[in-house]
Amino acid sequence: MKYVQIDTQSDPLSTSQPTTIKQKNLSQLLVSELKAMGVEDAHLDEWGYVYATIPSNSEKQVPVICFCSHVDTAPDASGTGIKPLLHKNYSGEDITLPDDEKIIISKKDFPYLEKIQGHDIITASGNTLLGSDDKAGIAEIMDAANYIMQYPEIKHGTIKILFTPDEEVGKGTAKLDMQKLGADFGYTMDGGEAGSLEDETFSADGVQIIVHGVITHPGAGKGKLVNALKIGAEILASLPANKLSPETTEGREGFIHPVRLDGIAEKCTIEFLIRDFDTAQLATKETLLKTIAENTLDNYTGATMEFKATEQYRNMKEILDQHPQVVEYAKEAIQRAGFSEIKMESIRGGTDGSKLSFMGLPCPNLFTGMHAIHSKKEFVSVQDMNKAVETIVHLVQIWEERSGASGTTSIP
Ligand SMILES: [Zn+2]
């Protein structure tokens with residue numbers, strides 16, 4: 001509740017790093033709190049990253065494990081003047097937020113509320129988001145660090161703590177120093193419902209189609225002028241109507257999604273997001289899109305087209321499958337925290353975890369307990385957050401238990 005009151009909203013239009021300097025206000029506080037716990041090397045760098053190390057207390061050679069969360073909050077709703085409210089022993093009734101009575105957190109919209117009757121629930125007050133994304137993750141890592149520092153009987157290898165800026169604007173790993181971090185495997189604490197674990201993201205490409213028309217004075221255009229805007233519109237109108245779009249897909253289905261149309265009669269540019277869990281299917285979707293565009297152009301003599309596909313990010317499962325113990329140990333930790341069933345989730349988007357995985361730090365995403373993120377209806381249960389802390393504490397112990405005594409690790 002203290003962390004969310006510090007405004008750390010990032011800015012998608014800013015070119016500085018971090019995108020907003022105010023993010024460092026929280027990062028600085030985290031450094032001083034870590035130091036107060038005895039985590040001596042905790043520090044904030046000029047780019048807004050907090051690095052800290054809890055040294056190993058094990059005789060064994062244990063892989064270095066990193067826990068990571070982001071300090072920034074999403075630009076989707078105000079992050080200024082957040083007033084967190086603690087609803088103790090939640091009754092199960094709809095929650096009307098006091099600063100805007102039109103904002104009602106109801107079981108109709110969030111059936112999960114049924115499951116957390118009797119919990120202590122934190123919400124915002126109606127004018128702002130709460131910022132549990134990702135300050136829930138931060139609080140959980142801080143609490144776990146505090147616990148591990150206080151109870152040396154918890155055996156663990158070297159633990160790295162990483163707090164990043166600018167995740168919400170896609171720059172969370174822009175200035176991250178992997179060498180300095182020096183971790184073998186990682187876990188982002190940035191997932192949702194208690195007991196869930198995300199090991200899969202979309203693979204993503206961007207496609208740009210540039211259509212070149214043929215331009216003349218419109219007064220003398222008969223039989224000569226070819227309007228690029230009309231071709232662009234026709235390409236969009238030729239996309240499949242009932243499939244392959246974000247508005248017609250869910251679960252494991254991918255899509256082709258036009259996000260920007262720009263142009264003049266002479267030249268028209270269209271940008272697309274191409275998404276699929278199966279990386280090979282990106283090429284299939286791109287071929288389909290290219291064929292639609294080429295077929296459209298066939299009807300316009302003199303018009304030409306450029307088609308450019310760019311890699312954006314890849315499904316982190318491709319990396320995680322090469323290191324199955326990372327997800328296996330996480331599942332076991334969640335079970336030890338009391339969840340008989342683990343909700344395996346596939347993220348229909350990207351995360352810092354997918355970037356980190358491809359930067360050399362295999363990194364699934366663990367639950368934090370946050371719900372309705374990026375909105376004024378955001379909420380999180382304190383008891384669920386405690387389960388996330390327990391999961392971290394179990395996880396560091398599992399890595400230690402499974403490590404060999406003689407300087408080798410017994411990786412299945
Ligand atoms: Zn997040």
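Ala-372 lies in the loop between strand E17 (370-371) and strand E18 (379-381), where strands are DSSP runs of E of at least two residues and helices are DSSP runs of H or I of at least four, numbered from the N terminus. Phi of Ala-372 is near 50°, a positive value although the residue is not a glycine.

The model is a predicted one, in which local features need pLDDT of at least 70 and side-chain atom pairs count only at pLDDT 80 or more, while totals for chains, interfaces and linings use all residues. Residues are numbered from 1 along each chain as its sequence is written, and side-chain values use heavy atoms, with hydrogens and water left out.

**Backbone features**

A positive phi, about 65°, is also found at Asp-166, which is not a glycine; Asp-166 belongs to the loop between strand E8 (159-164) and helix H3 (178-181). The peptide bond between Gln-17 and Pro-18 is cis, with omega of about 0°, and Pro-18 is placed in the segment before helix H1 (23-37). Another cis peptide bond leads from Asp-133 to Asp-134, with omega near 15°, and Asp-134 is located in helix H2.

**The zinc site**

The zinc ion has as protein donors His-70 (NE2), Asp-133 (OD) and Asp-190 (OD), the last of these listed twice, at 1.9 to 2.6 Å; donors are N, O and S atoms within 2.8 Å of the metal (3.2 Å for Na, K and Ca), and since water is not among the atoms, sites may look incomplete. Because the 4 donor atoms subtend angles of 53 to 145° around the zinc ion, the arrangement is irregular. Four donors would count as tetrahedral if all angles lay between 85 and 135 degrees; four count as square planar and six as octahedral if opposite donors are over 155 degrees apart and all others between 65 and 115, and anything else is irregular. In sequence, the donor residues follow the spacing H-x62-D-x56-D. His-70 lies in strand E3 (residues 65-70) and Asp-133 in helix H2 (residues 132-150), so this pair ties together parts that are 63 residues apart in sequence.

**Burial and cysteines**

Buried means under 20% relative accessible area, exposed over 50%, and partly exposed in between (1.4 Å probe, protein chains only).

| Residue | Relative accessible area | Class |
|---|---|---|
| Cys-66 | 1% | buried |
| His-70 | 2% | buried |
| Asp-133 | 5% | buried |
| Asp-166 | 0% | buried |
| Cys-268 | 0% | buried |

With a disulfide defined as a pair of cysteine sulfur atoms within 2.5 Å, the count comes to 0 disulfides. The cysteine sulfur closest to that of Cys-66 belongs to Cys-68 and is 5.6 Å away, too far for a bond.
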